[in-house]
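Trainee: I have a new model open. How should I read its features, one after another?
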Amino acid sequence: MERYSSYKDSGISWIGDIPSHWNVIKLNHIFYHNTGKTLNSNLKGNNHPYLTTSNVYNGYFDLSILKEMPFLDDEIERYSVTAGDLLVCEGGDIGRCNIWKENYSICYQNHLHRLRAKIDIKVEYYSFLINHIKSLGIFDNMGKGIAIKGLSAATLGNTRLLLPPLAEQEKIVSYLEDKTSKIDAYVADKEKEIELLQELKQKTIADAVTKGLNPDAKMKDSSSLISTFCPASWKIVRNKSFMSLTGVKVGNRADEYVLLSLTTKGIIVRDLESGKGKFPKDFDTYQFVRKGELVFCLFDIDETPRTVGLVDTEGMLTGAYTALKVNTEIALPEYIYNYYLCVDNIKALKPYYSGLRKTVRADKFLQIYIPLPPLDEQRAIVSYIEEKCQKIDSLTRELQSEIDYLKEYKQRLIADCVTGQINVQKEVT
């Protein structure tokens with residue numbers, strides 16, 4: 001891609017040089033700049049829908065969660081958003097923005113900045129530019145506040161932006177909309193492939209733990225959590241016949257153990273030094289778990305992304321979870337884990353919920369019946385699942401790597417175009 005013939009210093013550290021004929025200008029010289037109405041308990045007027053930061057995303061508006069608050073008649077025009085206005089998030093994901101393109105007006109709250117062009121510009125160019133500034137973390141550094149940072153009107157208004165000639169703005173927008181739409185479509189296709197692979201993975205596991213590996217096996221009624229039938233040679237047994245409660249409190253020995261966490265990627269080791277996530281004041285009530293034990297989150301089941309994990313590394317995790325030891329003379333922990341993955345995927349424990357937090361008591365859980373193959377068949381099933389899932393996971397990683405590369409390329413392309421590092425006019429012609 002060609003560059004412009006000559007450049008000059010923009011005076012903006014995160015941009016560097018820009019084309020010689022481009023200008024640098026403050027945002028409030030390009031836009032009329034206002035914030036919306038503040039929500040309070042003493043408002044009067046008629047209820048009217050309004051936008052908040054939770055509605056504004058880069059590239060679209062989520063209008064499925066619109067709220068309403070009272071606006072007086074003379075406030076509607078003052079706090080309305082009309083087609084062509086650019087909305088920028090004041091807090092939350094600071095700087096995220098999008099253009100309102102609907103042919104009807106809507107109001108907006110004070111945590112949004114409304115930018116309305118005061119000079120002849122291509123507003124889509126500034127949507128690309130402002131979202132690029134956001135991606136660099138510039139707005140985060142500008143934000144004020146301790147617990148929750150916010151981007152003040154004065155700070156945003158004084159932000160220096162670029163001002164290419166209007167004709168170039170239009171060509172940059174046309175070029176980027178064409179290229180990014182193609183990238184987005186390709187990424188969407190790859191994400192769909194990953195989704196289908198995950199469905200295949202779930203089906204592979206479910207078929208193996210409900211039907212076994214012999215397609216000609218005689219079946220019988222099982223009436224279990226996830227299947228009506230199972231191979232006739234399988235026993236129908238209670239969880240308590242092969243699992244028992246464990247989980248010894250760590251007390252004052254927390255320093256001896258690594259911290260574990262149950263996630264959608266399994267039970268992982270948490271990094272205490274990173275400071276990410278929530279931590280208790282002390283870990284006295286946490287429990288010690290050993291490799292091969294199963295961990296269940298038996299509360300808030302519908303809201304919890306993953307409620308079962310297989311311990312691979314000894315350590316400690318919250319005492320709120322239910323830790324169970326498997327009798328390996330009867331069952332393989334890996335097999336039981338795969339079975340309860342399938343249960344979790346369809347939230348099949350629902351009939352056993354109690355209370356507002358949708359809890360399954362440990363004693364009730366241990367009374368549940370499941371179909372259990374002989375040990376040698378469990379081993380064969382686990383081996384089969386691992387082989388198939390490794391191939392699926394490998395394909396998924398390849399697709400995800402491609403997606404990550406394309407998203408990075410898209411951001412770099414936008415950055416180069418909106419800051420004049422490449423001459424889009426040459427590309428378009």
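**Reading strands, sheets and a loop**

Mentor: Start with one pairing. Strand 10 (residues 86–89) pairs with strand 13 in the antiparallel sense, over 4 bridges. Keep in mind that this is a predicted model.

Trainee: What holds strands of a sheet together in general?

Mentor: Backbone hydrogen bonds pair them, either parallel or antiparallel. Now the case here. Leu 86 has Leu 115 in strand 13 as its bridge partner.

Trainee: Which residues make up strand 4, and how many bridges join it to strand 13?

Mentor: Strand 4 covers residues 31–35, and 5 bridges join it to strand 13 (residues 112–117). These two run antiparallel. For a fixed point, take Thr 35, which stands opposite His 113 in strand 13.

Trainee: Next, sheet order. What is the order of the open sheet of 4 strands?

Mentor: Read across the sheet, not along the chain. The order is 8-5-12-9, and the pairing is mixed. Strand 8 (67–71) and strand 9 (80–81) are the edge strands, each pairing on one side only.

Trainee: How many bridges join strand 5 to strand 8?

Mentor: There are 5 bridges, and strand 5 (residues 46–51) runs antiparallel to strand 8. One pair to find is Asn 47 with its bridge partner Pro 70 in strand 8.

Trainee: Which strands form the open sheet of 3 strands?

Mentor: The order is 19-22-25, with antiparallel pairing. Its edge strands are strand 19 (248–249) and strand 25 (315–317), and each pairs on one side only. Strand 19 is joined to strand 22 (residues 287–289) by 2 bridges. Lys 249 has Gln 287 in strand 22 as its bridge partner.

Trainee: Now a hairpin. How many residues lie between strand 20 and strand 21?

Mentor: The hairpin has 2 residues between its strands. Strand 20 and strand 21 (residues 266–269) pair in the antiparallel sense over 4 bridges. Within that ladder, the bridge partner of Leu 262 is Ile 267 in strand 21.

Trainee: Which way do the side chains of strand 20 point, and are they buried or exposed?

Mentor: Check the two faces separately. In strand 20 (residues 260–263), Leu 260 and Leu 262 point one way. Ser 261 and Thr 263 point the other way. All four are buried.

Trainee: On to a loop residue. Where is Pro 374?

Mentor: Pro 374 is in the loop between strand 27 (369–372) and helix 8 (375–418).

Trainee: Why is Pro 374 classed as partly exposed?

Mentor: Its relative accessible area is 33%. Buried means under 20% and exposed over 50%, so Pro 374 falls in between.

Trainee: What does Pro 374 contact, leaving aside its neighbours within four places in sequence?

Mentor: Ser 233 and Trp 234. Ser 233 is 141 residues away along the chain, yet the two C-alpha atoms are separated by 7.9 Å.

Trainee: What share of contacts in the chain join residues at least 24 apart?

Mentor: Among contacts between residues at least 6 apart in sequence, the share is 75%.

Trainee: Last, the whole chain. How many helices and strands are there?

Mentor: The chain has 9 helices and 27 strands. Then test the overall form against a reference. The radius of gyration is 29 Å, while a compact globule of 429 residues would have one near 22 Å. The C-alpha atoms fill a box of roughly 80 × 55 × 45 Å along the principal axes.

Trainee: What fraction of residues is buried?

Mentor: Buried residues make up 45% of the 429. The accessible surface comes to about 22700 Å², and 49% of that belongs to carbon and sulfur atoms.

Notes:
Residues numbered from 1 in each chain as written. Predicted model: local features only at pLDDT ≥ 70, side-chain atom pairs only at ≥ 80, totals over all residues. Heavy atoms only, no water. Pairing = 2+ DSSP bridges. Rg over C-alpha atoms; globule rule 2.2 N^0.38 Å. Buried < 20%, exposed > 50% of the residue type's maximum accessible area, 1.4 Å probe, protein only. Contact = heavy atoms within 4.5 Å. Areas by Shrake-Rupley, 256 points an atom, 1.4 Å probe, with all protein chains shown as cover.
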